[in-house]
Number of protein chains: 2
Amino acid sequence: MSNRAPFDVYLQEITGEVTEALKHILPEHWDVPRSLTEAMQYSLMAGGKRLRPLLVVAAAEAFGAERKAAMPAACAVEMVHTYSLIHDDLPAMDNDDYRRGKLTNHKVFGEATAILAGDALLTHAFYSIVQSGRQSGVSADALLSIVEDLAELAGARGMVGGQVADMEGEQGMTDLSQLQYIHLHKTGDLIVFSLIAGARIGGATEGQLEALSVFGRDLGLAFQIQDDILDLTGDEQKMGKKTQSDVNQQKVTYPYFIGMEASIAEVKSLTQSAKDALERAELPDASRLMEIADYLMSRDH
Amino acid sequence: MSNRAPFDVYLQEITGEVTEALKHILPEHWDVPRSLTEAMQYSLMAGGKRLRPLLVVAAAEAFGAERKAAMPAACAVEMVHTYSLIHDDLPAMDNDDYRRGKLTNHKVFGEATAILAGDALLTHAFYSIVQSGRQSGVSADALLSIVEDLAELAGARGMVGGQVADMEGEQGMTDLSQLQYIHLHKTGDLIVFSLIAGARIGGATEGQLEALSVFGRDLGLAFQIQDDILDLTGDEQKMGKKTQSDVNQQKVTYPYFIGMEASIAEVKSLTQSAKDALERAELPDASRLMEIADYLMSRDH
């Protein structure tokens, strides 16, 4: 471990590799309308943190798998995340003009193309997962399970269900359990997916998948509460969008229900229980995942 | 073959079985917001022809596969078709208030829920395909190929690409090749998928998959030109939407470019070349697929 890169270098390296892979995500021989390709690329290149791909790669590497084998699934989860942002930003949903300091997809390409670019990104995510196997010998059974996981965790019982609950919550959320449901599904499920996908590529046992699910669930919830906190306190430039926007839109957040101090304590406690679960998974090398957990808790944007 | 059901009985039987399966498509133990389930069910139960599921089942059965093995993939393609209709009908797209004589999804549930119900249906289609294997022993390799096919044929280079081209075409289409691109992708690719998916479940060879692709491509184009024709001439009640709506919205159709008579001839010629391709596939029993080709050409709605 003497030549092990510092965490920020590791982070930058993976972010760079994922961004590069996403640039060429549509097969070149495909005949695709230019406006669609441009709309898909625009949001994929709009400068996200690439947290979910990072988790896929880190989980796979924790088992000793090659990074190459994890990249298609890493790109897949980023495509799903990106599609969800495009659709969330639509006038019928959050009606946001800016995201990460750039115009939202529908402001640049129009609503119809934005909807379809989202649809195409979601669809292409599944294509990308299959490529993991075609390119690097991940077993068909493992890939099918990844497809099944993504379809479950990104769908009605997962991310989309969380988004529906979020929208309905805006019309009068009454308790913390509702907010927890939203956070667990809208944000958490895709984080759980990322870890499990990487773990399956690495050849995890059922017990390890279970433990990593708990790790992801707690980490995801901590991440989202941290987001709630940063949205209230964060520096506008670092967040890349107007802070307090959730307050202005009367969005209900963790600090709204339990106060700022208890929310900060909750992030710490969830991060700790996430790390405990990670210990229980007994991975060959969990160090990067541990670093990621610490990094997420301490981030300021 | 003496106890072989007449075609209309066969058609009704499969339509009924698919509709029944779609009623219970979301696993009951899943915790899904009620409005989302209702919106998904509403459009799934809005009375489509179930043409695509029929093709999946008929293709699988042409190889001697059990119908049960094909049902999850049959439901998957209907979910994809249904999601595409929900998104097509949105105000930002075709802005339709009615579909098959019923209010469109967003008119009943609102735009945001309609977008998300579409997203969830698309996502769940992939879940359903994996269930084919879990339930009836289709090989993991075959299922992965079906996932890959669907992701390709329903995505940017397939159905979504066709929809983008269609929207752009409305702003000034100049030639038949553009319209052909739209028909081949917006409609044709999902028909091709249906046949290939059924064939993979049935254990088709590469050569048979090729031949069935041609069958589907020609059949899909014939189907869509027939739609163009019926939209200009059909009985309003049978079509379940205002006829001549495409003309009123200045949509460009086959008859617009080559005239009504040549369009009718083209449907016949394409149906014949589809049937020729079907012959070449040398299936154990192609008779139902042949009947479907004839049925599609002669339908009046």
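Helix H15 of chain B has buried residues (buried meaning under 20% relative accessible area, exposed over 50%, partly exposed in between, with a 1.4 Å probe and protein chains only) whose cover includes H1, H3, H9, H10 and helix H14 (260-281) of chain B. Contact here means heavy atoms within 4.5 Å, and helices (H or I, at least four residues) and strands (E, at least two) are DSSP runs numbered from the N terminus. This is a predicted model, in which local features need pLDDT of at least 70 and side-chain atom pairs count only at pLDDT 80 or more, while totals for chains, interfaces and linings use all residues. Residues are numbered from 1 along each chain as its sequence is written, chains are lettered from A and ligands numbered from 1 in the order in which they are written, and side-chain values use heavy atoms, with hydrogens and water left out.

The buried set in H15(B) is made up of B:Arg288, B:Leu289, B:Met290, B:Ile292, B:Ala293 and B:Leu296. H15(B) has twelve residues and spans 17 Å from first C-alpha to last, close to the expected 16 Å at 1.5 Å a residue, where the expected span is 1.5 Å times one less than the number of residues. Just ahead of it, the loop between H14 and H15 of chain B holds B:Glu282. B:Glu282 has a positive phi, near 50 degrees, although it is not a glycine, and at 64% relative accessibility it counts as exposed.

Now to H3(B), one of the helices covering H15(B). H3(B) runs over residues 51-62 and reaches 16 Å, close to the 16 Å expected. Eleven of its twelve residues are buried, so H3(B) is largely enclosed by the rest of the structure. Among the buried ones are B:Arg52, B:Pro53 and a run of alanines, B:Ala58, B:Ala59 and B:Ala60. Their cover includes H1 (7-23), H4 (67-89), H9 (176-202), H10 (206-233) and H15 (287-298) of chain B. After H3(B) comes B:Gly64, with a positive phi near 90 degrees.

The two chains meet through 49 residues of chain A and 49 of chain B. Together they bury about 4,200 Å², 73% of it on carbon and sulfur atoms; buried area is the accessible area (1.4 Å probe) that two parts lose on being put together, summed over both. A:Leu116, A:Thr123 and A:Leu144 supply 15% of the area that chain A buries against chain B, more than any other three residues. The rule finds zero salt bridges across this interface, a salt bridge being a side-chain nitrogen of Lys or Arg within 4 Å of a carboxyl oxygen of Asp or Glu.

Salt bridges do turn up elsewhere: the count over all chains is 34. In one of them, A:Asp89 pairs with A:Arg99, with the closest N and O atoms 2.8 Å apart. This pair links distant parts of the chain, A:Asp89 being in helix H4 and A:Arg99 in strand E1 (residues 98-99) of chain A, ten residues apart. A:Asp89 is buried at 3% relative accessibility, whereas A:Arg99 is partly exposed at 23%. In chain B, B:Glu20 bridges to B:Lys23 at 3.5 Å between the closest N and O atoms. Both lie in helix H1 of chain B, three residues apart, about one turn of the helix. B:Glu20 is partly exposed, with a relative accessible area of 40%, and B:Lys23 is partly exposed at 43%.
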